[in-house]
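Visitor: Please take a close look at a single part of this model, the place where two helices pack against each other. I would like the conventions stated along with the result.

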Amino acid sequence: MKILTAAEMGAADRRTVEEFETPLGALMEAAGSAVAAFCLRQYPAASRVTVLCGKGNNGGDGFVAARVLAAAGKTVRVLLLGRVDELKGEAAAALARLQSETAEVSILEVVDEVMLRNAHGEEGLFVDAIVGTGFKPPLRGLALAARDLLKELNVPVVAVDLPSGWDADSMEQTVEGAFRADAVVTFTAPKLAHVFGHLTAETFGPVVVADIGSPDAAVRSETGFTWAGAAKTLTEKPRPMNSNKGKFGHVLVVGGAWGKAGAPSMASLAALRTGAGLVTAGVPESTVGIVAAVAPELMITSLAESQGLLRNLEGGRLEKLMKGITVLAVGPGLGTDGDASEFARELVAKTQVPVVIDADGLNAFVGKTELLKAEWRTLVLTPHPGEMARLAGMTVKEVEADRVGLARRFATEHGLTLVLKGWRTLVAHPDGSVAVNTTGNPSMAKGGSGDILTGIVAAMLAQFPNDVARAVETAVYLHGLAGDFAAHAMDEHTVLATDTVKHLSDAFRYRVKDADGLTWICGLHGQNFKEHRAA
Ligand SMILES: NC(=O)C1=CN([C@@H]2O[C@H](COP(=O)(O)OP(=O)(O)OC[C@H]3O[C@@H](n4cnc5c(N)ncnc54)[C@H](O)[C@@H]3O)[C@@H](O)[C@H]2O)[C@@H](O)CC1
Ligand SMILES: [K+]
């Protein structure tokens with residue numbers, strides 16, 4: 001699923017109207033109906049709904065929503081911030097239809113702040129249809145008064161397309177200055193602000209995308225930005241009945257210096273739980289007993305060590321180690337002292353199967369990134385900003401200032417797949433396209449999270465070696481989603497990295513598009529993180 005700018009969205013709408021002969025009125029009807037359906041489903045107890053409408057097409061969506069909500073039995077009031085005779089085109093048509101079909105909806109032309117404050121009351125839900133992609137900052141006029149009013153009230157707000165006052169193209173949108181929203185229903189594709197913005201100061205509430213009838217061919221993006229969750233359909237097909245373990249690959253996890261045996265243990269456990277056919281951990285001989293204890297299903301290869309760290313293998317041992325292996329994950333708990341780094345470099349250089357490099361595996365290439373040219377094989381790097389900074393020879397601040405640009409450059413220059421972790425993990429592909437992940441939460445800001453992700457990525461590659469881009473995007477999405485389920489089931493302070501593994505089943509079973517055709521970009525279906533985190 002592409003992520004668009006406001007201009008790209010406008011172009012997609014125009015193409016849909018002009019080239020695909022869908023009238024604008026039909027798009028507006030679908031948009032407003034989707035908002036109403038969302039309100040009915042998420043806020044069934046709200047019997048009184050106030051729809052705040054602006055004079056543009058965002059307001060037009062609001063008129064449609066008001067009509068559908070009234071038809072469903074809600075008591076609906078429309079507050080138009082302006083005069084009826086100021087409306088044009090489809091918005092005017094939507095209002096006319098609302099007036100003619102639903103006499104019981106009261107429509108009030110609000111012309112000043114006093115009127116606005118007197119007009120509301122006892123509603124269980126607000127719909128914000130004041131301004132959408134047509135917003136030109138700063139917020140002005142009655143919209144400002146409406147924003148302040150909603151901030152004072154403790155009533156849920158569903159935003160149409162965008163919380164009014166949001167700049168759709170901003171990657172740093174915050175609540176400051178804009179409307180409060182508890183949920184956002186947007187159309188066709190998410191805009192940059194939906195993915196990178198902060199819906200509230202505390203959390204990122206539900207953002208759902210409704211399909212309103214624009215065909216894929218009408219939706220074009222210059223930036224090459226996509227949403228990682230869409231890749232998850234890769235795992236939504238059942239495995240063939242006649243499957244055997246050989247079909248799902250054999251992951252080898254290498255790492256685990258003395259004192260860090262947990263890292264390869266967690267990566268291996270995650271690989272097992274993600275569906276790899278076989279998983280082997282290659283660890284220093286002194287840690288074998290510890291790592292083996294993580295799961296009886298795990299196979300272990302004891303590797304030569306010196307003082308608790310892995311060291312280069314003697315002639316022929318490498319070939320033996322890699323026999324039958326289809327994916328290598330190197331780095332979890334590897335350590336950087338002694339020969340461990342050299343061993344990691346040797347492994348990566350001499351291996352032909354897809355390789356995932358994480359943690360100290362990445363540190364082994366600091367100052368030697370020319371050795372990371374993927375060329376003919378699959379290479380996936382999973383740095384956090386600190387590891388990325390060391391690899392790229394810059395500061396963490398510099399990395400964070402240009403995450404997208406840096407990830408894209410590094411991936412294209414080396415011909416590899418780069419997973420840059422952090423708030424809104426990015427997956428940059430060798431072709432320059434970048435997918436953004438929206439799952440995950442602060443409960444995952446703990447040691448071990450990265451090891452779990454490494455295992456998930458490796459297991460996805462083992463199962464889908466010919467679909468690397470979607471395999472990696474799915475891995476990142478599933479990892480965050482499992483963390484979201486864990487945070488929901490537990491308290492976010494108490495979630496351990498291994499708890500996310502326990503919730504991988506929930507993540508796999510979760511369908512990206514729900515039964516009503518809504519794609520939940522943020523927030524779990526039917527659940528409001530804000531309420532949950534505030535509880
Ligand atoms: N273009 C299309 O084909 C479709 C558009 N749709 C809806 O239309 C919206 C875009 O419609 P428009 O382009 O008419 O624009 P909007 O309705 O988003 O904004 C225009 C209105 O907002 C007011 N406004 C702009 N900046 C303001 C500010 N700083 N302070 C206060 N008021 C301000 C303008 O005076 C005008 O009344 C989308 O967000 C979406 O909700 C949907 O109906 C689906 C189809
Ligand atoms: K809005």
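Guide: What follows describes one helix pair. The model is predicted, so local features need pLDDT of at least 70 and side-chain atom pairs count only at pLDDT 80 or more, while totals for chains, interfaces and linings use all residues. Residues are numbered from 1 along each chain as its sequence is written, and chains are lettered from A and ligands numbered from 1 in the order in which they are written.

The protein chain has 20 helices and 20 strands, taken as DSSP runs numbered from the N terminus (helices H or I, at least four residues; strands E, at least two). Helix H8 covers residues 262–274 and helix H16 residues 449–463; the two pack at about 40° with axes 7 Å apart. Axes are lines fitted to C-alpha atoms, for helices over the stretch in contact, and angles run from 0 to 180 degrees between N-to-C directions. H8 is therefore oblique to H16, the class left after under 35 degrees (roughly parallel), over 145 (roughly antiparallel) and 65 to 115 (roughly perpendicular). The crossing of H8 and H16 is right-handed, meaning that the near helix is turned clockwise from the far one by less than a right angle.

From H8, the contact involves Ala263, Met266, Ala267, Ser268, Leu269, Ala270, Ala271 and Thr274; H16 contributes Asp451, Ile452, Thr454, Gly455, Ile456, Ala458, Ala459 and Met460. Contact requires C-beta atoms, placed from the backbone, within 7 Å. By class, the contact of H8 with H16 has eleven nonpolar, four polar and one charged residues, where Ala, Val, Leu, Ile, Met, Phe, Trp, Tyr, Cys and Pro are nonpolar, Asp, Glu, Lys and Arg charged, and the others, Gly among them, polar.

Definitions and conventions
Two residues are in contact if their C-beta atoms, placed from the backbone, lie within 7 Å.
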